[in-house]
Amino acid sequence: MNQKRIPHTFILVLASLFFSSLVSVAQEEVKSNEPSEKKEKKVDINILPVVATNPTVGVLFGVLPGVNWNMGEEETTRNSTALIGIYYTTLNQLFTSVRANAFTKEDKFNLLTDIRFNLNAQPTYGLGSVLDKSTLVGGGEGPSDNPYPPFQEQEMMYFNNFRLYQTVQMRHKKTNLFYGVGYHLDVFWSIDDRQLDLDAEPQRITHHYRYQSMKGLPTDKYSQSGLSANATFDSRDNVVNPYEGQLAAISLRAFPKFLGSTTSASQLWMEYRTYVNLVKSRPRNVLAFWGYGWFVTSGTSPYLALPAIGWDMFARSGRPYTQGRIRGEDLVYAETEWRFPLQREKNKWGGVLFINTSTASSRTENINLFSNFVFGYGGGLRFMINEKKRVNLGLDYGFGANGAQGLFLNLNEYF
């Protein structure tokens with residue numbers, strides 16, 4: 001299948017048109033809501049057209065409805081948020097998702113939901129954070145991460161996947177501490193490893209096939225199903241766009257065979273975020289930090305269920321690289337973003353500058369964690385659709401090593 005690439009300038013123009021049209025709609029809504037006596041809506045829905053491009057999807061088109069609501073009173077209950085994604089790509093891929101962070105009345109419970117059904121495709125880059133590694137075991141040619149030259153379709157591994165993650169955490173008294181349990185299910189099936197050719201001389205072996213074979217696991221379908229124990233400290237003043245506060249979370253997940261896992265394993269997720277206000281008179285001038293560690297702590301996780309960038313709950317890590325570009329049995333990710341206003345007094349328009357880094361291990365290849373780091377950086381614009389709830393519309397462009405770059409349209413801040 002030969003796909004024509006859409007030029008870089010066309011993508012930017014198209015994204016700008018979408019951006020401009022949404023800004024116009026938002027401005028009209030602001031004007032129409034000027035009378036202060038008008039009752040504020042408890043539920044806000046914003047629909048964002050999405051255009052993106054990267055080596056994995058070619059060019060992606062879709063919609064991202066964002067929902068923000070409150071289950072109690074603003075003074076005692078945090079706002080809840082949900083993102084519903086429906087995307088189709090020029091490489092005939094389908095991505096659907098529902099991701100929500102909800103708080104019940106008076107923050108008694110925090111509910112985290114991550115549901116996905118995808119007709120997916122990703123290159124099998126292998127494990128560890130080494131970008132110039134061939135997509136074939138022992139291959140001599142490294143892949144390009146630049147989305148604009150002709151796409152290297154032969155690198156692809158096609159698969160379907162379904163994810164259902166649901167966590168319920170109870171608030172400890174009137175504090176910012178939550179704790180509870182969760183269920184986590186990942187199913188991968190119809191795995192078609194396009195590069196694999198066992199009849200060739202010499203054989204063409206992919207990293208996915210080698211890993212699964214070494215671990216004695218199937219290569220065409222597998223699943224990971226289990227329970228988790230979770231604790232979260234969350235003092236952020238706003239879930240979708242914090243100006244101050246911290247978030248610290250830990251999740252220990254066990255995937256036993258008797259719950260439907262192909263093989264028994266356990267994983268540990270640890271995450272920390274903090275927000276530092278740089279100018280007291282302008283709370284939107286913020287330096288934000290995000291880091292997480294994701295580790296296989298026992299047993300064996302199947303290849304596609306291993307820790308990887310872009311597989312976090314809201315799929316926000318790893319700009320500008322493709323989902324799964326960095327994968328390993330251990331993964332550490334860190335990102336810093338400066339968010340600032342572009343107007344002297346108003347908060348409608350803002351900008352961001354970001355830089356991130358990833359490192360991953362491969363225990364089977366003796367590639368240690370922290371032995372190699374991959375960096376990404378970029379910037380973008382923000383337009384605040386709802387000032388009270390701080391709902392942002394964002395347009396970012398990122399760059400990375402090996403020619404990696406990408407255009408991103410999003411609702412809410414990345415973290």
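This note sets out, in numbered points, what the predicted model shows about the fold, the cores, one pocket and three chosen residues.

1. Confidence. The structure is a predicted model, not an experimental one. Its mean pLDDT is 88, and 88% of the residues reach 70 or more. Residues 1-37 should be read separately, since the pLDDT there is below 50. This stretch nevertheless has 48 contacts in the model beyond near neighbours in sequence.

2. Overall make-up. The protein has 415 residues, of which 55% count as buried. Its secondary structure comprises 16 strands and 2 helices. Among contacts between residues at least 6 apart in sequence, 63% join residues at least 24 apart.

3. The largest nonpolar core. This core contains 35 residues. Those with the most contacts inside it are Phe 188, Ile 191, Tyr 292, Leu 304, Ile 309, Ile 326 and Leu 331. Six strands each give two or more residues to the core: E6 (156-171), E7 (177-193), E10 (265-277), E11 (286-299), E12 (330-341) and E14 (374-386). Strand E11 gives the most, with 6 residues.

4. Tyr 292 within that core. Tyr 292 is one of the residues with the most contacts inside the largest core. When neighbours within four places in sequence are left aside, its contacts include Trp 269, Met 270 and Glu 271. Further along the chain, Tyr 292 is also in contact with Ala 308, Ile 309, Asp 312, Ser 317, Leu 331, Val 332 and Tyr 333. Two of these partners, Ile 309 and Leu 331, are themselves named among the residues with the most contacts in the core.

5. A second core. Separate from the largest core is another, of 19 residues. Its members include Val 50, Ala 52, Leu 64 and Phe 383.

6. The second largest pocket. About 230 Å³ of space lies in this pocket. Its lining includes the run Glu 74, Glu 75, Thr 76, Thr 77, Arg 78 and Asn 79. The other lining residues are Asp 107, Arg 236, Asp 237, Asn 238, Val 239 and Lys 388. By type, the lining divides into 7 charged, 4 polar and 1 nonpolar.

7. Leu 112. This residue is in strand E5, which covers residues 109-123. Is Leu 112 buried or partly exposed? It counts as partly exposed because its relative accessibility is 22%, and buried requires a value under 20%. Not counting residues up to four places away in sequence, Leu 112 touches Ala 100, Asn 101, Tyr 165, Gln 166, Thr 167, Gln 169 and Met 313.

8. Gly 182. Gly 182 lies in strand E7 and counts as buried because its relative accessibility is 8%. Its C-alpha atom is separated by 8.9 Å from that of Leu 112, although the two residues are 70 apart along the chain. Gly 182 and Gln 166 are 16 residues apart in sequence and 5.4 Å apart, C-alpha to C-alpha. Beyond neighbours within four places, Gly 182 is in contact with Gln 166, Thr 167, Gly 226, Leu 227, Ser 228 and Asn 230. Gln 166 and Thr 167 are also touched by Leu 112.

9. Thr 274. Thr 274 is found in strand E10. At 15% relative accessibility, this residue counts as buried. With neighbours within four places in sequence left aside, Thr 274 is in contact with Gly 245, Gln 246, Leu 287, Ala 288 and Phe 289.

Terms used: Residues numbered from 1 in each chain as written. Predicted model: local features only at pLDDT ≥ 70, side-chain atom pairs only at ≥ 80, totals over all residues. Heavy atoms only, no water. Core = buried A, V, L, I, M, F, W, Y, C linked by side-chain atoms within 4.5 Å. Buried < 20%, exposed > 50% of the residue type's maximum accessible area, 1.4 Å probe, protein only. Helix = DSSP H or I, 4+ residues; strand = E, 2+ residues; numbered from the N terminus. Contact = heavy atoms within 4.5 Å. 1 Å grid on protein atoms, 1.4 Å probe; cavity = no way out; pocket = protein on both sides within 12 Å on 5 of 7 lines; lining within 4 Å. Points joined across faces, edges and corners; volume = space filled by probe spheres on them. Nonpolar A, V, L, I, M, F, W, Y, C, P; charged D, E, K, R; others polar. pLDDT = per-residue confidence, 0-100.
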